[in-house]
Amino acid sequence: MAMHILFVHQNFPAQFGHIAATLAKQFGYRCSFVTQVPPGISDGIERIHYKTTGGARKETHYCSRTFENQVWHCDGVFQALKARPDIRPDLIVGHSGFGSTLFLRDLYGDVPIINFFEWYYHPRDPQNDMNFRTDLGWPISDVKYQRARCRNGMLLLDLHNCTLGYAPTQFQRGQLPMEFDQKLRVIFDGIDRGVYSSSVGDRAKRQAGDSVHLAGVEVPANKRIVTYVSRGFESSRGFDIFMRSADLIARQYPDVIFFVVGADRVAYGGDPDHTQGKTFKEWTLAQH
């Protein structure tokens with residue numbers, strides 16, 4: 001019987017989609033993926049949909065709202081899998097921080113759980129996502145630091161609950177408490193080298209004398225292209241720095257067309273607290 005691996009992440013494919021597809025296609029493993037994405041089958045992976053039926057309210061203390069929401073994710077994953085008695089995994093792999101694997105001990109007993117640990121908070125550390133853009137000069141309230149400390153609650157429970165854990169870099173592993181050092185490994189996320197192979201590069205490279213169409217815009221052959229691609233337009237990902245750089249580039253090279261790809265959202269850093277009611281993108285554009 002083929003080995004059955006259960007992946008747990010609120011998004012799909014997230015960090016696990018590529019490896020799950022490889023295990024299913026090349027090695028014949030059964031791969032299931034519990035997620036908030038609608039159910040279905042893709043690349044040999046069955047998506048099992050879970051939903052949350054509650055969450056933090058305005059009355060919930062600001063510092064404990066994240067934990068309250070994480071517990072509801074734990075419950076949603078548990079309920080979705082309890083309704084699927086045919087799911088009997090040999091291994092569980094989950095993203096820690098959402099708390100999604102915590103209750104699975106009550107369904108699957110001693111089945112090994114491997115958790116991916118992306119970030120452990122050290123609120124006053126300059127490398128924390130709230131602090132490293134000191135160049136902006138934005139003050140940080142005490143309650144933001146306090147919330148960051150509370151955000152480690154589910155991470156600590158996952159560290160205790162999991163069989164093993166891993167982080168993608170030595171730096172990220174080094175942020176985790178040393179008490180759990182024996183449980184932790186470093187496993188790099190990897191890069192799909194096929195994207196950068198010479199054959200793909202040759203196909204993607206614009207040929208001399210050719211115009212191209214990008215996002216409905218025709219770029220003449222005599223125009224250069226500069227891109228910025230990001231999950232969100234926020235200070236943590238340097239959207240404002242890119243815009244300043246783009247301004248300098250445009251002044252020196254008027255034959256450049258810029259394409260910016262991403263969402264007008266903030267995932268890290270809490271930028272809206274300092275942008276006078278604007279999104280960070282709106283705030284940045286207003287500076288230029």
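**Exercise 1. Classify arginine 244 by burial, then examine its salt bridge to aspartate 240.**

Solution.
1. In this predicted model, arginine 244 has a relative accessible area of 41%, so it is partly exposed.
2. Buried means under 20% and exposed means over 50%. Aspartate 240, with a relative accessible area of 2%, is therefore buried.
3. The side chains of aspartate 240 and arginine 244 form a salt bridge, with N to O at 3.6 Å.
4. Both residues belong to helix H7, four residues apart, or about one turn of the helix.
5. An α-helix has 3.6 residues a turn, so residues three or four places apart point the same way.

**Exercise 2. Find which parts of the chain the salt bridge between aspartate 240 and arginine 133 links.**

Solution.
1. Start with the distance. N to O is 2.7 Å for the side chains of aspartate 240 and arginine 133.
2. Place aspartate 240 in helix H7, residues 239-252.
3. Place arginine 133 in the loop between strand S6 (113-116) and helix H4 (142-161).
4. The two residues are 107 residues apart, so the pair links distant parts of the chain.
5. Check burial. Aspartate 240 and arginine 133 are both buried.

**Exercise 3. Compare the burial classes of arginine 173 and aspartate 181, then place their salt bridge among the others.**

Solution.
1. Arginine 173 and aspartate 181 meet through their side chains in a salt bridge, 2.9 Å from N to O.
2. Arginine 173 has 18% relative accessibility and so counts as buried.
3. Aspartate 181 has 35% relative accessibility and so counts as partly exposed.
4. Turn to the total: the model has twelve salt bridges.
5. A network of salt bridges links Arg30, Glu46, Arg84 and Asp86.

**Exercise 4. Test the length of helix H2 against its expected span, then list what covers its buried residues.**

Solution.
1. Helix H2 runs over residues 65-82 and has 18 residues.
2. Use 1.5 Å times one less than the number of residues. The expected span is 26 Å.
3. The end C-alpha atoms of H2 are 26 Å apart, so the two values agree.
4. Now list the buried residues of H2: Gln70, His73, Cys74, Gly76, Val77, Phe78, Ala80 and Leu81.
5. Their cover includes S1, strand S2 (30-35), strand S4 (45-49), helix H3 (105-108) and H4.

**Exercise 5. Describe the surroundings of tyrosine 145 and arginine 147 in helix H4.**

Solution.
1. Tyrosine 145 is in helix H4. Its relative accessible area is 10%, so tyrosine 145 is buried.
2. Set aside neighbours within four places in sequence. Tyrosine 145 then contacts Pro123, Arg124, Met130, Asn131 and Ile140.
3. Arginine 147 is also in helix H4. At 18% relative accessibility, arginine 147 counts as buried.
4. With residues up to four places away not counted, arginine 147 touches Tyr62 and Cys63.
5. Add a distance. From tyrosine 145 to phenylalanine 16 is 31 Å, C-alpha to C-alpha, and 129 residues in sequence.

**Exercise 6. Characterise the second largest pocket by volume, lining and residue class.**

Solution.
1. The second largest pocket holds about 700 Å³ of space.
2. It is lined by 21 residues, and Gln15, Phe16, Ile19, Phe188 and Asp189 are the closest to its centre.
3. Strand S1 (4-8), helix H1 (17-27), strand S5 (91-95) and strand S7 (164-167) each give two or more residues to this lining.
4. Sort the lining of the second largest pocket by class: 14 nonpolar, four polar and three charged residues.

Methods
Residues numbered from 1 in each chain as written. Predicted model: local features only at pLDDT ≥ 70, side-chain atom pairs only at ≥ 80, totals over all residues. Heavy atoms only, no water. 1 Å grid on protein atoms, 1.4 Å probe; cavity = no way out; pocket = protein on both sides within 12 Å on 5 of 7 lines; lining within 4 Å. Points joined across faces, edges and corners; volume = space filled by probe spheres on them. Nonpolar A, V, L, I, M, F, W, Y, C, P; charged D, E, K, R; others polar. Salt bridge = Lys/Arg side-chain N within 4 Å of Asp/Glu carboxyl O. Buried < 20%, exposed > 50% of the residue type's maximum accessible area, 1.4 Å probe, protein only. Contact = heavy atoms within 4.5 Å.
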